[in-house]
Amino acid sequence: MCKAHRLIAAVLGAACLLSLSACSGQEGPEGESSSPAGQSNASTTGGTEGPGTQPPVTNDVNPLTGVADITPGASVRPIALMVENSSTARPQLGLDEADVFLEAETEGGITRIMAVFAGASRVPDEIGPLRSARSPFVTVAQSLDAVYCHAGGSTLGLANIQKFGLDDVNFLSNASQAGWRDPELSSQRGTEHSLLSGGQKLTDFITGQGYAASTDNPSPFQFDSPKAGDGLGNKVQLSFSGLQRVCFLYDEATQLYNKYNGTLDKMEPHVMVDGTQIAVTNVVIMYDEKYNEDADHINFRLNAGDGVFLTGGTSRNIRWTRTADRLSFTKEDGSALSFNPGKTYICLVTQGNRVATILQ
């Protein structure tokens, strides 16, 4: 700094000392300091811009949850993974981290769960056990334009992947590139219950396949400020089959529904290997017609129907529709249905099991 500049700086410094209010922070309305003692304005605003500084980064909104938790520039092409849900497969790994869950009967009264993430980067380091494709999930994956991840599949399920032109990851064909067999799970549960994958593996494989990193298909959900239904909704028990029943219990403290397997009088928390329980903001029950697509496997019509929506400890009757490029939900009268920002659990239930026990 030249002498002239140092002289000017000294004069300005002296002037500042003569004006304590100017040096200790500007006063706000009614004499309150605009910055608390010991805290600069930069810490309350996220940083002031200047030479050599960068403006604060704002996350993008997750289209599946309405929460701003997507790193700018990250892929927002949905990734849908088929996760086994038999008693042998539980507890699972990483399933609880999904943005959206879809559970439905597949065969023999058992269900599978399609774990949907807004993008490959959101898939945890370990998720599984992963199993084969089934037709209802392939159909919904088409509506989401999701990259569908599976380990083989039923005859019609595999045929529909080709028919619908889905981008997919078949772990039976690409196990070493996109996933791996966990030796501990294999020894404890059997080889068929040991297939895992993770976010980095999937990202590398999907990138290598040249799959699109975004989609034009809209989110199934519209998010708004908290909305409540007009019915009871603190507890719900529903039946996928005679073998698989589940419950959701609302926790007022967390404002989340905790998921349980079993009935209200005999239920077990649906937890992961690390003990984390599945918990969601919204629960959707979609009623639809079930039929046997072959001698072994269950399918659903998946065109349109009615159902129940639970959020915030309340419930309401709803309508749903599905096309090749969209899954959407409305109120019973056809008007817009708003979801609370957060995760959603969708239960696809046969018309024959319409009676869900909803209690206060």
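Two strands count as paired here if DSSP finds at least two bridges between them, and that rule is useful to hold in mind from the first stop of this tour. The structure on screen is a predicted model, and the residue numbers below count from 1 along the chain as its sequence is written.

**First stop: strand β15 and its two partners**

Begin by selecting residues 282–288, which make up strand β15. Seven of the seven residues of this strand are buried, so β15 is largely enclosed by the rest of the structure. If you show the side chains, you will find Asn282, Val284, Met286 and Asp288 pointing one way, while Val283, Ile285 and Tyr287 point the other way.

Next, add residues 304–311, which form strand β18 and run antiparallel to β15, with five bridges joining the two. To place one of these pairings, select Val283 together with Leu310, its bridge partner in β18. Then add residues 344–350, strand β22, which pairs with β15 in the parallel sense over seven bridges. Here a good pair to highlight is Asp288 and Thr350, since Asp288 stands opposite that residue of β22.

**Second stop: a salt bridge from β18**

Keep β18 in view and select Asp306 and Arg354, whose side chains meet in a salt bridge with a distance of 2.8 Å from N to O. This pair links distant parts of the chain, for Asp306 belongs to strand β18, whereas Arg354 lies in the loop between β22 and β23 (357–359), and the two are 48 residues apart. How buried or exposed is Arg354? With a relative accessible area of 33%, Arg354 is partly exposed, because that class takes in values between the 20% limit for buried and the 50% limit for exposed.

Salt bridges that share partners also join Asp69, Asp99 and Arg122 into one network, and these three residues can be selected together. Counted over the model, the salt bridges come to eleven.

**Third stop: Glu107 and two arginines**

Now select Glu107, Arg112 and Arg134. Glu107 forms a salt bridge with Arg112, in which the closest N and O atoms are 3.9 Å apart, and both of these residues are buried. Glu107 also takes part in a salt bridge with Arg134, where the closest N and O atoms are 2.9 Å apart. Arg134 lies in the loop between β3 (110–117) and α4, while Glu107 lies in strand β2, so the pair ties together parts that are 27 residues apart in sequence. Arg134, like Glu107, is buried.

**Fourth stop: helix α4**

From Arg134, move on to residues 135–144, which form helix α4, a mostly covered helix in which ten of its ten residues are buried. Among the buried residues that you can pick out in α4 are Phe137, Val138, Val140 and Leu144. The helix is followed by Asp145, and if your viewer reports backbone angles you should find a positive phi there, near 55°.

**Fifth stop: β10, β11 and β12**

Select residues 245–251 for strand β11, in which five of the seven residues are buried, so that this strand too is largely enclosed by the rest of the structure. Add residues 235–239, strand β10, which pairs with β11 in the antiparallel sense over five bridges; a hairpin of five residues joins β10 to β11. Within this pairing, Gln237 has Cys247 of β11 as its bridge partner.

Then add residues 256–263, strand β12, which runs antiparallel to β11 and is joined to it by six bridges. Val246 has Asn261 of β12 as its bridge partner. The hairpin of β11 and β12 has four residues between the strands, and in this hairpin Gln255 takes a positive phi near 60°.

**Sixth stop: Ser328 and Pro218**

Select Ser328, which is found in strand β20 (residues 326–331). Ser328 has a relative accessible area of 18% and is therefore buried. Add Pro218 and compare their C-alpha atoms: the two residues are 110 residues apart in sequence, and 9.0 Å apart in space.

**Last stop: a negative patch on the surface**

Finally, switch to a surface view and select Glu97, Asp125, Glu126 and Asp274, which form a negative surface patch. Where does Glu97 lie? Glu97 lies in the loop between β1 (79–84) and β2 (100–107), and at 40% relative accessibility it counts as partly exposed.

Definitions and conventions
Predicted model: local features only at pLDDT ≥ 70, side-chain atom pairs only at ≥ 80, totals over all residues. Heavy atoms only, no water. Patch = residues over 30% accessible without salt bridge, like charges linked within 9 Å, V, L, I, M, F, W, Y side chains within 5 Å. Areas by Shrake-Rupley, 256 points an atom, 1.4 Å probe, with all protein chains shown as cover. Salt bridge = Lys/Arg side-chain N within 4 Å of Asp/Glu carboxyl O. Lys, Arg positive; Asp, Glu negative; His and termini not counted. Charge placed at Lys NZ, Arg CZ, Asp CG, Glu CD. Buried < 20%, exposed > 50% of the residue type's maximum accessible area, 1.4 Å probe, protein only.
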